[in-house]
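Got the viewer open? Here is a short tour, stop by stop, with something to select each time.

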Amino acid sequence: MAALSSHAEWRALKEHFLAVKDLELRDLFDADPQRGTALTAEGAGFYLDYSKNRVTRETLSLLCDLARARGLLARRDAMFQGARINVTEGRPVLHVALRAPSTVAIKVDGHDVVPDVHAVLGQMSAFADKVRQGTWTGYSGKRIRTVINIGIGGSYLGPEMAVRALRPFADPAIAVRFVANVDGEALRAATADLDPAETLFIVCSKTFTTEETMTNARSAREWCVAGLGHDAAVAAHFVAVSTHTAEVARFGIDPAHMFVFWDWVGGRYSLGSAVGLSLMIAIGPERFREMLAGFRDMDEHFMTAPLERNLPVLMGMLAVWYNNFHGLETQAVLPYAHGLARLPAYLEQLQMESNGKHVDLAGRPVTYQTGPIVWGEPGVDAQHSFYQLLHQGTKIVPCDLVGFCRSHADLPGHQDFLMANLLAQAEALAFGRSAAQLAEEGVPAAQIPYRVCEGNRPTTIILGEALTPRALGALIALYEHSVFTQGVVWGIDSFDQWGVELGKVLARRIMSEIQGGVRGGAHDSSTRALIGRYLAHRGLSG
Ligand code: F6P
């Protein structure tokens, strides 16, 4: 693949940027009365309003030209066909197979993986039903009241986010909790009020070697065995989700109580796999399958909609526009839905672990910016904390505002007020309040400079009907394919994560030094001094 900057389409966008960079949203809307309905697209149950972005129709068409020139269509097809597009790990990238209907065949080395996917879904469904119906009992014959998922990163953020989002659909008789942090306080707090006889642990780890997860799982096993008085209790209270049967057996979980997935599913793309078992127990197999149908709706939209009306492509290319042409370093995700409180955390991993890369597919250092910093909080709460910077700060932050027309909580006025806020914020960010308007409103002259909101701050509105399992699936797939689109344009491997390995190696070394009371290991002077101080505080060295 040619270097990004050598594409005529890239150069055309650079030139176009110079022509449009100072355009004001206010003027763009005044000049084009249709803009608010024209710069929109629909798919998989979502309405995308991107009219309040700093683009013209020409910008969009040039961005789509760039996507085409970078081979987005061929790469998208390659992903769906099981090609090894994760080049640095030599793996196919097939989270899309997790939601493929059984009528579709997707082959990896000549083997159709779709029947495997459906077999595991069947195994998960049977198990989830047993837990939900109380026929899977603990060691002492009691039914399970609490499920604790022990896992981190992709083995945690997706299920945790989705369990919260779909709480209105969950069985209130079974609580689902999550333990990710190796800080002992996480496990202690999660188990403090529980009876081990009624608690089921799902040890969830693709590799089954992640130290945080294994440490938590070992301590959970001790808590369970101590509470129930016998090692044999483990069989009834622990199941595993992993790609590594041997590691699961080594840990002491019966492989018969293991739910597999495959190395062609990336951790951060794995919610639709057995990693979603805790979610399936919460909402039931039928609702879980509805969520998979929602993922599939967006997959089909991504595969078939023309680029100019393709939601993930539009969102991905807008991200490229701000990142590479406007030079904006961050993007915010602001869900106006209480259930989506953890969507920003989920998207931080999805986007930054995928596209935070410094070399291209050929291993050459990139000469342009790759993945932006993604962050956020639920919208209305955040209005009362950091929105000040969004409105009047010196940095421009493009924002995604995610909202729904209907809420599951039928409290008079709440949803209208929530959505009024979403719409008002987008309007305020785009159009602001000028000095002249403030003067007209009678604001004292001395106050005007402080109260001016210059506007021209971009937002994209993602509007759905209600936060159902199907809508959640489609929303996640929307972001997955947007991330994919960006990665293709930047020519990077969006599916590896080598950057996180170094810290793990160093932590293992420091851990053995700490536990051996070793001062003065081969470190820089700061790390050495900190280890010494830690050892002294812990009384671990002489
Ligand atoms: O360290 C990063 C990472 O490898 C993520 O990519 C992954 O989601 C997480 O750790 C957990 O990994 P595992 O599921 O193998 O425990």
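Start by selecting V505: at 44% relative accessibility, V505 counts as partly exposed, because that class lies between buried (under 20% relative accessible area) and exposed (over 50%), with a 1.4 Å probe and protein chains only. A word on what you're looking at: this is a predicted model, where local features need pLDDT of at least 70, side-chain atom pairs count only at pLDDT 80 or more, and totals for chains, interfaces and linings use all residues. Residues are numbered from 1 along each chain as its sequence is written, and side-chain values use heavy atoms, leaving out hydrogens and water.

V505 sits in helix 22 (residues 501–515); helices are DSSP runs of H or I, at least four residues, and strands are E runs of at least two, numbered from the N terminus.

Now head inside and pick W264, I281, L340 and L472. They have the most contacts inside the largest nonpolar core, which has 122 residues. Such a core is a set of buried Ala, Val, Leu, Ile, Met, Phe, Trp, Tyr and Cys residues joined through side-chain atoms within 4.5 Å. Colour helix 21 (residues 469–490) too: its 13 residues are the largest share of this core. Apart from it lies another core, of 24 residues, including I148 and F208.

Last stop: V241, in strand 8 (residues 238–242). Buried or exposed? At 0% relative accessibility, V241 counts as buried. Beyond residues up to four places away in sequence, V241 touches, among others, I202, F208, F261 and L277, where contact means heavy atoms within 4.5 Å.
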